[in-house]
Amino acid sequence: MRAYYFDDEPTDQRLPHDSGEEVSLDTLDQLGVLYWSIPVAEGESIPSGVDAIAKERGYKNRDVINVSKEGLGDLYETKIKSFFEEHMHEDEEIRYILGGSGFFDVRKHAPHPNQERWIRILCEQGDLLVLPSGIYHRFTLDTNNKIKAARLFQDEPKWIPHNRGPQTDVNPYRADYLSAIQPIS
Ligand code: KMT
Ligand code: NI
C-alpha cells in the first residue's frame, strides 16, 4: 500500500498519477479510511486475520471479485467505467486484496469543491482497506490489468454505487460521514 495525492493529469487512469506528495496513514484515518496489512499466499483463501476484523466490525457477507478481462467477460468495459465514476455507498465496505493490484482513489473533502483533492491508494496483495459509508471514491485497475479482491459487506452482499451529484450531496449517509470526521479547513 502506498498513498499519495493524485496529480490530476488527464492521462490514462491506469497510470500512477503520482504527484510525489505522500499521504500518511494518519491522514487516511482522519478521513475514516482504515488500513491493515495481512499477508496471504497466492492461491490461499482469506486469512483468519481478515475474519477477525470482519467479525469485530459486524460483517456478515462476502464475495470474491476478479476484476480483469477474463474475470468479468462481457461486463468488463461497463464495470471498469462504473468503478471509476466518483461515487459513494450507504454501507461501510472492506476490500481485501488477494492478488494483483489497483488504485482506490478517495476524496479528501474541503470547504469548497475546487479545493478538494483525490488521494490515490495503491493496493496490492495482502492489503485490507475499510472505506466508510458516505465517502466519495472510485477504483481503477493499474497497467497490470488485474486484481482479485474479497469484498466484505456488513449486511446484504449488495454493491450499489451512488454517483456523485445533487442527490448524493444531500444523502443522509453522506451527511453522517461529514459530521463524523474532523472538519478539514
Ligand atoms: C468500489 O466500491 O468502488 C469497488 O468495489 C471497486 C471494485 S473492488 C476491486
Ligand atoms: Ni465503491
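1. Glu 92 sits in the loop between E5 and E6, and in this predicted model Glu 92 counts as buried because 21 C-beta neighbours lie inside 10 Å, where 20 or more are required. Setting aside residues up to four places away in sequence, Glu 92 touches Val 130, Leu 131, Pro 132, Ser 133 and Gln 154. A further relation across the sequence is that to Tyr 59, which is 33 residues apart from Glu 92 in sequence and 9.5 Å apart in space, C-alpha to C-alpha.

2. On confidence, the protein chain averages a pLDDT of 95, and 98% of the residues score at least 70. For the complex, the predictor gives an ipTM of 0.94 and a pTM of 0.95. As a general caution for the remaining residues, predicted coordinates should not be read in detail where pLDDT is low.

3. The UniProt record, an unreviewed entry, lists His 87, His 89, Glu 93 and His 137 under "binding site". These residues are spread over 51 residues of sequence and yet cluster in space, with a largest C-alpha distance of 13.2 Å. Since the annotation may be inferred rather than shown by experiment, I would keep the attribution to UniProt explicit wherever these four positions, His 87, His 89, Glu 93 and His 137, are named.

4. Of the listed residues, His 87 has its place in strand E5, which covers residues 87-88. His 87 is partly exposed because 19 other C-beta atoms lie within 10 Å, and a buried residue would need 20 or more. Leaving aside neighbours within four places in sequence, His 87 is in contact with Tyr 136, His 137 and Arg 138, and also with Pro 161, His 162, Asn 163 and Arg 164.

5. His 137, also listed by UniProt under "binding site", lies in strand E9, residues 137-141. Is His 137 buried or partly exposed? His 137 counts as buried because 24 C-beta neighbours lie inside 10 Å. Apart from neighbours within four places in sequence, the contacts of His 137 are His 87, Phe 104, Asp 105, Val 106, Arg 107 and Leu 131, and the contact between His 87 and His 137 thus joins two of the positions listed in the record.

6. Glu 93 is found in strand E6, residues 93-108, and counts as partly exposed, with 18 C-beta neighbours inside 10 Å. When neighbours within four places in sequence are left aside, Glu 93 is in contact with Leu 131, Arg 151, Leu 152 and Phe 153. Leu 131 also appears among the contacts of Glu 92 and among those of His 137.

7. Which residues are around ligand 1? They are Ile 65, Val 67, Phe 83, Glu 93, Arg 95, Gly 102, Phe 139, Ile 147, Ala 149 and Arg 151. Strand E4 (61-67), E6 and strand E10 (147-153) each supply at least two residues of this shell, and the shell divides into 6 nonpolar, 1 polar and 3 charged residues. Glu 93 is one of the residues around ligand 1 and is also one of the positions in the UniProt "binding site" list.

8. Strand pairing deserves a short comment. E6 and E7 pair in the antiparallel sense over 8 bridges, and in E7 the bridge partner of Lys 108 is Arg 117. E1 pairs with strand E7 (residues 117-124), likewise in the antiparallel sense, over 4 bridges, and here the bridge partner of Arg 2 in E7 is Leu 122.

9. Two backbone angles may be worth a look. Phi of His 17 is near 50°, a positive value in a residue other than glycine; His 17 is found in the loop between strand E1 (2-6) and strand E2 (18-22), and is buried, with 20 other C-beta atoms within 10 Å. Phi of Asn 145 is near 60°, again positive in a residue other than glycine; Asn 145 lies in the loop between E9 and E10 and is partly exposed, with 15 other C-beta atoms within 10 Å.

How values were computed. Residues numbered from 1 in each chain as written. Chains lettered and ligands numbered in written order. Predicted model: local features only at pLDDT ≥ 70, side-chain atom pairs only at ≥ 80, totals over all residues. Buried ≥ 20, exposed ≤ 12 C-beta atoms within 10 Å, placed from the backbone. Contact = placed C-beta atoms within 7 Å. Near = placed C-beta within 6 Å. Nonpolar A, V, L, I, M, F, W, Y, C, P; charged D, E, K, R; others polar. pLDDT = per-residue confidence, 0-100. Pairing = 2+ DSSP bridges.
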